[in-house]
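Q: Please take a close look at the largest pocket of this structure. What lines the pocket, and which residues surround ligand 1?

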Amino acid sequence: MKLLKNLYKSVGIDLGTTNFLVYLKNRGIVVDEPTLVAINNRTNQVLAIGEEAKKMLDRTPAHVRLVKPLSGGVISDFEVTEEIIKYFLRKISEKSLFSRFHVAAVSIPTNLTEVERKSVEDAVLSAGATKVLLVEEPIASAVGTRLPIEEATANMIVDIGGGTTEISIISVGGAVVSKSIKIAGNKFNEDIIRFIKNEYKLLIGEPTAENLKINVGSAIPIEDKLEMKVRGRDMSTGLPKEITVRDIQIRSAMQKSIKSIGETVKNILEESPPELVGDVLERGIFLSGGGALLRGMDKFLEKETQVDVTVVDDPLTCVVRGLGIIIEDIPRYETILSNQEKPKPINL
Ligand SMILES: Nc1ncnc2c1ncn2[C@@H]1O[C@H](COP(=O)(O)OP(=O)(O)O)[C@@H](O)[C@H]1O
Ligand SMILES: [Mg+2]
């Protein structure tokens, strides 16, 4: 058994709605690719996964469809998810001597049902892991941020990913309050596409909207005046056209979505047990996920909630790095994650 343990390696898997990351024990992050699959409509065969599938975005022939199987934060397409996990784990094992994995620590949203938890576990087992440790996403984030998760002090984590924003208060190794809303990075992109369509009668694709968000987007007014030229298809002539878009426009396009994230965080603080809120006021809110990188998102949330907001280090890899820390010391975290008396969770 000991020999097997040495031969098999442990992995940490972040099944994000937008990005799929894998941490391999003693190695670090070995996979960081989009959670995207290209499927042939005629045969239902998987054509490409991850980066390869992304290359097809916006250039897909009619018989190919692109699937984001985790779009809503839950596994909406179980079989495709299983394919993705298998594909990436196979890719890692091809480069080494082993073909199976010892423990796989997998991050999951806090609102999964028992059946959904089981389905994630089964997918990972069938992809070659001998044992699965499910870790609630905010816990993985907190470990990645080196917060003291086993203590009875509450910490609030707001993770703005692609498909969902997960707001949680964690204590003693578990989420005690949690809420998931479907307003996050993808919604910001949709807001931008709609704005450009209404304002300029111009059609742009999602990659262009994403570039606008990252390059000129912000949650609050900023000092530098940013602008960017983008190309799209003019709806009246059908021809390509170039326009210049400014930060103020992108901000106003995303304003409603950003505001509702702020309001949800505020409501949770108002509705949570006072002793938890007391800790949060003292320690501040930790902001993770790709959405934490939006300019001024931290300042915006600070203004809305009157609580200090800290953006975690490298918000896009925080969860998988947390899983990495967990698999480097499984005995310790297994106890923290499963055996302790945990307060009953509240889903607000
Ligand atoms: N610099 C940035 N500014 C704003 N949004 C960003 C930035 N970088 C990444 N994002 C957004 O973050 C989201 C992905 O975040 P991630 O935490 O990987 O999501 P998930 O965990 O759901 O896969 C995408 O919507 C992406 O557009
Ligand atoms: Mg995530």
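**The largest pocket and ligand 1**

A: In this predicted model, α7 (206–216) makes the greatest contribution to the lining of the largest pocket, supplying six residues. The pocket holds about 1000 Å³ of space, and its lining comprises 45 residues. Those that lie nearest the centre of the pocket are T18, N19, G162, E210 and L316. Besides α7, the elements that give two or more residues to this lining are the strands β1 (9–15), β2 (19–24) and β3 (28–34), together with the helices α2 (51–54), α6 (185–200) and α11 (318–328).

The location of the pocket follows from its lining. Because domain 1 (2–148 + 317–343) and domain 2 (185–253) both give residues to the lining, the largest pocket lies between these two domains. In chemical character, the lining residues divide into 17 polar, 15 nonpolar and 13 charged.

Attention may now turn to the ligand. Ligand 1 is surrounded by 17 residues, of which T17, T18, N19, E210 and K213 are the closest. T18, N19 and E210 are also among the residues nearest the centre of the largest pocket.

Several polar contacts involve oxygen atoms of ligand 1. For T17, a side-chain N or O atom is 2.5 Å from an oxygen atom of ligand 1. For T18, a backbone N or O atom lies 2.7 Å from a ligand 1 oxygen. G162 likewise places a backbone N or O atom 2.9 Å from an oxygen atom of ligand 1. Ligand 1 on its own has 580 Å² of accessible area, and the protein covers 90% of that area.

Conventions. Residues numbered from 1 in each chain as written. Chains lettered and ligands numbered in written order. Predicted model: local features only at pLDDT ≥ 70, side-chain atom pairs only at ≥ 80, totals over all residues. Heavy atoms only, no water. 1 Å grid on protein atoms, 1.4 Å probe; cavity = no way out; pocket = protein on both sides within 12 Å on 5 of 7 lines; lining within 4 Å. Points joined across faces, edges and corners; volume = space filled by probe spheres on them. Helix = DSSP H or I, 4+ residues; strand = E, 2+ residues; numbered from the N terminus. Nonpolar A, V, L, I, M, F, W, Y, C, P; charged D, E, K, R; others polar. Domains from an automatic or database assignment. Near = heavy atom within 4 Å. Polar contact = N/O pair within 3.5 Å; in protein donor to acceptor, adjacent residues only side chain to side chain. Areas by Shrake-Rupley, 256 points an atom, 1.4 Å probe, with all protein chains shown as cover.
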